[in-house]
Amino acid sequence: MSVDSIPPDSFSPDPLASDASIPQDAVARQEIADEQAFVDRVYRQLDRSTRNAEALATEGHGRAHLGHEGGLVERDAMVFQAAKRIATLNAAHEGLVFGRLDLDPERLPGGPRYIGRIGLRDEKRDSLLVDWRAPAAAVFYQATAADPQGVVRRRVLRCTGAKVVAVEDDLLDPANPEAERLPVVGEGALMAQLSRARDRTMHSIVATIQAEQDRAIRAPGKGVVLISGGPGTGKTVVALHRAAYLLYSDRRRYEHGGVLIVGPSGVFMRYIERVLPSLGETAVALRSLGEVVDGIRASRHDEPAVADVKGATRMAELMRRTARHAVPDAPSELRVFYRDDNIVLSSHELGRVRRQLLSQGPRNRVVPRVASTLLDAMWRQVRGDRGRDRGRDEFDDEMLGTAAFVDFVLAWWPPLDATEVLGWLHDPDLLARVAQGLLSTDEQALLSRSWGPVREPAAYRVTPDDWSVQDVPLLDELRFVLGDVPERPQRGDRDDDLDSLSPLFDDGVPELTTFTARAAPTGPRPSSRTEDDFYAHVLVDEAQDLSPMQWRMVGRRGRSATWTVVGDPAQSSWPVPADAARAREQALGDKARHEFHLSTNYRNSKEIYDFAAAYAQHVGLDADLPNAVRATGVEPEERTVLDLRAGVRDAVTSLLAAVEGTVAVVAPAGRRAQVQGWVDGWSDLAKDASGGSLARLAVLTGLQTKGLEFDGIVVVTPDEIEAESTTGRGTLYVVLTRATQRMVTVST
């Protein structure tokens, strides 16, 4: 099994994991039957709504036959709206109805209120089902026994498809007269949910959102919402539900501008990718840190020492210097004979022209000015009467028609893309020149080793296999400082400048008409269309791990956006938090901050979290220690073995037999391939582990477990995980907080 097949971050409860908890007494059976009757009615209405949307789509297609442009516009609008509605209705099928509120008629008249993934009205346009994001549904999450807010009984319905299989009740106001006629069934929705097995994807928690989580979800739409909390407090899933809430509350803004969700890894993004679609929301872009820049998909991580250098703020200045450097192996002198004059632009003169051009804007933005600026410098050397008498216009025309001049311009100042310029740094001599005063010799050596051997000039461009996750912000920085090449000169230029530049874009001079096409590198590269990178909302998960350069990259996509930022400083893998904090503040700007802290650990059993918390305190981590609400009576095991392979196999076998859901084997980065090889050879485990299956097993490094959760964890040589980087203690703390039921550590 490869790591790419393992879904992302925390592993969440499977709502259908077991039928053992379905109530069997007569009262419970009757309550389930009554709820089934209502759920059947809702699904009939859902089918009617779907048919109506399909009919609207059919009618819209028919408008195309009206024979005029207005009919095509109407078709596009009708078909688009119908398709959106159909997608929303289809996404809502699973777990459509999940909540019921029985209310105090004196405070909230109107009978029971049902809560669901979407809102539905019946054929009379009366409310049948309230969308969980609507204000009328807020009390479902905010009411407590201390403050019932008019709620007498809160019920959670657990369904398999359209079938109700269980109900879980909370009696919030037992003193209310209404309480006497309301039976109470089940062990409590939240505790029932927490005890179920995990599968390989995160699920929504719309049925069990807690009051402190709901406050963060429904926070003000403007500014920045900062969600903090220790492990297992539900930060990620709360943030995703907040994105769904924003799309519901201001759909025009957030669908038009888009929502960008940034997570630590592709594994994590695959893990969470079902949450928002299950809530009926698809207008989001999910990107790992290696995928934020259009045209790039990086999954390989540099070793920690290299990552520390590439992520530091000073790399922004290194990229700026590199972008301003002369093109490697570009011509260093221009010689042209014109009439009676031998015109020579020496390296010194070309350096002056280069500085003049760079003072006018980003390198690629001034591409249309290169020819005219060179011609200005050349004309100043025209001394002879024959040249001067013919005038500047004829001089320009003759030079622009000369192959030597055209070839020089193309070679001396070509349009550049970020991947090509980053490739220049494969040359350690060039790296040393631009890094002077920024990076030590040892740091330069680390970068050179990470980028590989020196290349021929024609192969400076980095290939996709060369990109690491830590290179992506460097490419984005270069993309930003290089700018893009304008299609035509900007109208803000002087009229005479515009005229002198027109041959670069006119069909009359083929050599220069294809200037950009001939000079621009081919192949995958970062998009230069920076205007497409702006989003209406940016959500950053595991924010404590972002380096300063990654904050700069993400910040460019959210200059006018609202933000949701989720993290826990104690779990950070970035070694200089203060540096990252400054970069984060620059990315967020002066937007208003709204802070929310989650204090309850819903993931780990108390026994597992106590073990992890004791480790954090022992090694001096300044950890936020939430309260774990669930105990299993099973303590973590610490095993010391002589044969590591056999010890890991024994631990895996016991956990597969003990839990129904997912099991992770977490190894140091240097051992991951070895441990994966062991697991791949254990095909007999499916038989040995009492029905357990290798399909439930994942092999990951410590960093790859960020945001994920599993029923069971086998931690291989925890001391090595701690020692593999300067932030290894934080990484091991993360690993120790991933298990919901069982944990075993195996050391030699």
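The second largest pocket of this predicted model has a volume of about 640 Å³. Its lining is made up of 29 residues. Q544, D568, P569, A570 and S572 are the ones that lie nearest the centre of the pocket. Sorted by class, the lining holds 16 nonpolar residues, eight polar ones and five charged ones.

Several helices and strands contribute to this lining. At least two residues each come from β7 (224–229), β13, α24 (577–588), β14 and α30 (728–736). Helix α24 gives the largest share, which is four residues.

Three of the strands just named lead on to a sheet. Six strands build this open sheet, and their order across it is β9-β8-β12-β13-β7-β14. Strands of a sheet are held in pairs by backbone hydrogen bonds, and the pairing can be parallel or antiparallel. Here the pairing is parallel. At the edges are β9 (284–288) and β14 (593–598), each of which has a pairing on one side only. On average, neighbouring strands of the sheet are turned by 15° against each other, if direction is ignored.

One pair can be followed in the structure above. Strand β12, residues 537–540, runs parallel to strand β13, residues 562–567, and the two pair over four bridges. Within this pair, L539 is found opposite T564 in β13. Helix α23, residues 548–556, packs on the sheet and touches β8 (259–263), β12 and β13. The direction of α23 makes about 150° with that of β13. Strand β13 thus appears in both parts of the picture: it is a member of the sheet, and it supplies at least two residues of the pocket lining.

Notes:
Residues are numbered from 1 along each chain as its sequence is written. This is a predicted model: local features need pLDDT of at least 70, side-chain atom pairs count only at pLDDT 80 or more; totals for chains, interfaces and linings use all residues. Side-chain values use heavy atoms; hydrogens and water are left out. Two strands pair if DSSP finds at least two bridges between them. Axes are lines fitted to C-alpha atoms, for helices over the stretch in contact, and angles run from 0 to 180 degrees between N-to-C directions. Contact means heavy atoms within 4.5 Å. On a 1 Å grid over the protein atoms alone, a cavity is a set of points where a 1.4 Å probe fits but cannot get out, and a pocket is an open set with protein on both sides within 12 Å along at least five of seven lines; lining residues have an atom within 4 Å of a point. Grid points are joined across faces, edges and corners, and a volume is the space filled by probe spheres set on the points. Ala, Val, Leu, Ile, Met, Phe, Trp, Tyr, Cys and Pro count as nonpolar, Asp, Glu, Lys and Arg as charged, and the others, Gly among them, as polar.
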